[in-house]
Amino acid sequence: MTSDDSNSPHTNPQAIHRFKKLQRKTIDSTAIFEGIIAGNATELSKAITLVESTHHKHQEIAQQLIELCLPHSGNAIRLGITGVPGVGKSTFIEALGSLLIQKGKKVAILAIDPSSTISGGSILGDKTRMESLVRSPNAFIRPSPAGNSLGGVAQKTRESIILAEAAGYDIIIIETVGVGQSETMVHSMVDFFLLLKLAGAGDELQGIKRGIIEMADAIIINKADGDNQVRALEAKNQFTKALHLYPTTQSTWTPQVRTCSGLHAQGIEEIWQLITQYIELTTANGFLANNRIAQNKFWLLQTIEEQLKNIFYQHPAIQTALPQQLKAIQQRTTTPFAAAAQLLKLTNPIKNNS
């Protein structure tokens with residue numbers, strides 16, 4: 001990817017439009033920062049667009065804004081919400097967000113949206129699904145296409161959290177695509193990680209996987225309404241029994257299981273009480289602060305890896321040699337491991353200078 005990817009066929013059309021608007025005008029970072037601090041959602045959107053851009057100039061300004069906003073961040077509760085497609089994440093988030101706004105909170109929702117690996121397009125449909133929140137001046141909804149680099153978009157989401165906190169949002173909700181590595185990435189940037197499940201989907205016990213359970217601070221059985229209420233309670237009992245098999249977490253918190261109906265906003269108040277209990281406990285025992293420090297260290301290493309990967313693929317020698325090595329693999333004249341070693345030699349300054 002070049003430094004200006006505005007013409008790339010794999011860039012989301014909405015993102016292209018935003019980036020081109022930025023390119024047509026002089027960017028005043030001071031004005032954007034002052035707007036963010038004043039709680040201006042338009043300026044916050046501009047800042048996140050700069051963060052998401054791969055244009056070199058935009059990245060410089062984005063880093064300046066992040067540094068300016070950093071002292072004003074860190075005071076929000078960061079929630080991660082995941083679940084398979086169809087579990088009702090958007091409906092649940094709208095119900096929870098609406099409740100929080102009624103309580104006088106400002107809520108920012110940063111959704112990592114699935115992108116097509118074929119066309120590069122992204123659904124970005126959360127704004128249309130969260131009709132009530134969209135109309136609220138105290139809600140900010142920002143979908144980001146995951147694209148080809150989940151680590152990259154997760155890093156930009158992490159930076160967007162800082163900007164949203166500086167804009168005065170009390171609750172930051174990160175919604176994941178609910179598949180694969182996204183849960184690990186989002187878990188590494190939130191305080192409370194919530195897993196949404198469906199009853200009667202045939203995956204109650206199959207869903208008890210060590211990785212996701214170790215990450216989840218609560219399991220919520222959604223769509224517990226109508227004829228599905230009995231199945232939801234059965235699923236709750238199964239998950240509760242399974243959770244007892246796991247050791248005590250570092251936070252000393254015991255993951256909880258609850259049922260709710262996001263569609264009818266039933267059980268949402270109890271879930272929020274659960275979250276506040278967790279925050280109170282982990283604040284008192286020091287886990288919350290220590291966990292955020294550990295997350296910062298994790299993101300230092302992740303950022304280095306992402307930058308090294310970008311530098312590697314943008315290297316002129318790699319752009320020439322990579323297609324050759326791929327062809328050699330296809331012709332079975334080399335192995336993937338030998339080809340990788342050959343390519344890495346081209347960008348290794350230590351070996352090249354020895």
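**Meeting a predicted model: helices and loops**

Biologist: Ile-304 is partly exposed, with a relative accessible area of 41%. Which helix does Ile-304 lie in?

Modeller: Happy to help! This is a predicted model, where local features need pLDDT of at least 70, side-chain atom pairs need 80 or more, and totals for chains, interfaces and linings use all residues. Residues are numbered from 1 along each chain as its sequence is written, and side-chain values use heavy atoms, without hydrogens or water. Ile-304 belongs to the stretch 287-314 (helices, at least four residues of H or I, and strands, at least two of E, are DSSP runs numbered from the N terminus), which is helix H13.

Biologist: Within what arc do the buried residues of H11 fall?

Modeller: In H11, the buried residues are Ala-232, Ala-235, Phe-239, Ala-242 and Leu-243 (buried is under 20% relative accessible area, exposed over 50%, partly exposed in between, with a 1.4 Å probe and protein chains only). They line one face of the helix, because seen down its axis they fall within an arc (taken from the directions from the axis to the C-beta atoms) of 95°.

Biologist: Which residues are exposed on the other side of H11?

Modeller: Turn away from the face that the buried residues line. On the other side of H11, the exposed residues are Val-230 and Lys-241.

Biologist: What is the phi of Thr-252?

Modeller: Thr-252 sits in the loop between H11 and strand E7 (256-259). At 48% relative accessibility, Thr-252 is partly exposed. Although Thr-252 is not a glycine, its phi is positive, at about 70°.

Biologist: And what relative accessibility does Arg-332 have?

Modeller: Arg-332 is in the loop between helix H14 (316-330) and helix H15 (336-346). Its phi is positive too, near 60°, in a residue other than glycine. Arg-332 counts as exposed, with a relative accessibility of 77%.
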